[in-house]
Amino acid sequence: MGWHPYNLDHLAQEIVLKARHRDPGSLNQSHKMRASCAYGLERFWGEHLRLKDKEPEKAAFVGDVWKALVGTLKQGGVTLPATLLSSSDAEATIQGVAAQIWSLKPQEQQVALAVLRALCDAVVWWTQRLKAGVTGDN
């Protein structure tokens with residue numbers, strides 16, 4: 001198997017630019033997203049639930065990273081749920097998505113976490129470069 005570019009850096013740049021356009025204040029969430037990688041896939045996925053009702057722009061930023069992760073892993077044969085929910089959704093629905101994440105094989109979990117960390121590192125890098133350029137005339 002040869003090297004395959006998954007364009008994580010390009011994805012990260014698109015995500016950061018989209019977040020900056022939506023709400024420049026949401027860019028601070030990138031550092032928190034990177035830190036949440038240490039707690040696992042399901043906790044990272046759950047971050048959008050915590051933010052959705054009170055800080056929807058930050059939730060959208062987390063959701064965009066999750067969707068990029070899902071798409072990237074799909075290219076490599078690892079399937080994650082693409083579902084984004086709200087904390088007001090039924091507990092069974094939330095548990096169902098979490099169960100899909102927990103049902104990944106250990107090797108798939110390790111690969112997914114490695115890709116998530118790399119993607120979040122790239123998001124932080126782009127945030128640091130693009131945050132200062134916000135002029136308010138988006």
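This passage looks at a long-range helix, a helix pair and a loop serine in a predicted model.

Helix H6 is a good place to start. It covers residues 106-130, 25 residues in total, and runs 36 Å from its first C-alpha to its last, close to the 36 Å expected at 1.5 Å a residue. A good part of H6 is tucked away: its buried residues are Ala112, Leu113, Val115, Leu116, Leu119, Cys120, Ala122, Val123, Val124, Trp126, Thr127 and Leu130. As for partners, these buried residues pack against helix H1 (8-22), helix H2 (29-36), helix H3 (41-52) and H4.

Two of those partners, H2 and H4, also meet each other. On the H2 side the contacts come from Gln29, Ser30 and Met33, and on the H4 side from Lys58, Phe61, Val62 and Val65. The axes of the two helices come within 10 Å and cross at roughly 50°. Angles from 35 up to 65 degrees fall outside both the roughly parallel and the roughly perpendicular ranges, so H2 and H4 count as oblique to each other. Their crossing is right-handed.

Further along the chain, Ser86 sits in the loop between helix H4 (56-75) and helix H5 (91-102). Despite being a loop residue, Ser86 has a relative accessible area of just 12%; with the cut-off for buried set at under 20%, Ser86 therefore counts as buried. Leaving aside residues up to four places away in sequence, Ser86 touches Leu49, Lys52, Asp53 and Ile94. With one of these, Asp53, Ser86 also shares a side-chain to side-chain polar contact of 3.5 Å.

Terms used. Residues numbered from 1 in each chain as written. Predicted model: local features only at pLDDT ≥ 70, side-chain atom pairs only at ≥ 80, totals over all residues. Heavy atoms only, no water. Helix = DSSP H or I, 4+ residues; strand = E, 2+ residues; numbered from the N terminus. Buried < 20%, exposed > 50% of the residue type's maximum accessible area, 1.4 Å probe, protein only. Polar contact = N/O pair within 3.5 Å; in protein donor to acceptor, adjacent residues only side chain to side chain. Contact = heavy atoms within 4.5 Å. Expected span 1.5 Å × (residues − 1). Axes fitted to C-alpha atoms, helices over the stretch in contact; angles between N-to-C directions. Parallel < 35°, antiparallel > 145°, perpendicular 65-115°, else oblique. Left-handed = near helix turned anticlockwise from the far one by under 90°.
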